[in-house]
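Work through the exercises below with the model open. Each task is followed by its solution.

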Amino acid sequence: MNPIIINYGRRSEFIQMLKERGAKLGVEVGTDHGKYAEQLLNAIPKLTLYCVDPYLAYIEGDEVHNEEEIEQIYEEAKFRVEADNFPRGLIIRKTSMEAVK
């Protein structure tokens with residue numbers, strides 16, 4: 001299969017394009033709160049989506065995202081992605097490099 005060059009500027013247009021093409025399998029790297037993954041799963045009923053995010057504490061500029069905050073974000077994402085969509089939606093709590101092994 002040859003790669004497809006996509007020139008969509010909005011996420012909603014991208015979701016529509018995936019739906020029109022009959023997408024059945026996808027991977028989202030960097031799921032964060034799971035809002036976009038939830039949109040994908042709701043819009044594309046036959047999609048199975050693997051969401052890869054390690055959910056690790058980190059520092060970004062002056063902001064510190066501690067383990068407790070990250071754990072809350074993970075639980076929120078897990079609810080959005082897996083609660084009504086399992087097994088079509090699955091969070092893989094690994095770095096992208098760990099997940100590809």
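Helices are DSSP runs of H or I with at least four residues, strands are runs of E with at least two, and both are numbered from the N terminus. The model is predicted.

**Exercise 1. Place Asn 85 and decide whether it is buried or exposed.**

Step 1. Asn 85 sits in the loop between α3 (67-82) and β5 (89-92).
Step 2. Buried means under 20% relative accessible area. Asn 85 has 7%, so it counts as buried.
Step 3. Leaving out residues up to four places away in sequence, Asn 85 touches Leu 41, Asn 42 and Arg 80.

**Exercise 2. Find how many salt bridges there are, and describe each pair.**

Step 1. The cut-off is 4 Å from a side-chain nitrogen of Lys or Arg to a carboxyl oxygen of Asp or Glu. The count is three.
Step 2. Glu 38 pairs with Arg 80, with the closest N and O atoms 3.3 Å apart. Glu 38 is in helix α2 (residues 35-43) and Arg 80 in helix α3, so the bridge ties together parts 42 residues apart in sequence.
Step 3. Glu 71 pairs with Arg 93 at 2.8 Å. Glu 71 belongs to helix α3 and Arg 93 to the loop between β5 and α4 (96-99), so this bridge joins parts 22 residues apart in sequence. Glu 71 is partly exposed at 33%. Arg 93 is partly exposed, at 33%.
Step 4. Glu 76 meets Arg 80 at 2.5 Å, N to O. Both lie in helix α3, four residues apart, about one turn of the helix.

**Exercise 3. Which residues are linked in a network of salt bridges?**

Step 1. Arg 80 bridges to Glu 38. Arg 80 also bridges to Glu 76.
Step 2. The network therefore links Glu 38, Glu 76 and Arg 80.

Notes. Residues numbered from 1 in each chain as written. Predicted model: local features only at pLDDT ≥ 70, side-chain atom pairs only at ≥ 80, totals over all residues. Heavy atoms only, no water. Buried < 20%, exposed > 50% of the residue type's maximum accessible area, 1.4 Å probe, protein only. Contact = heavy atoms within 4.5 Å.
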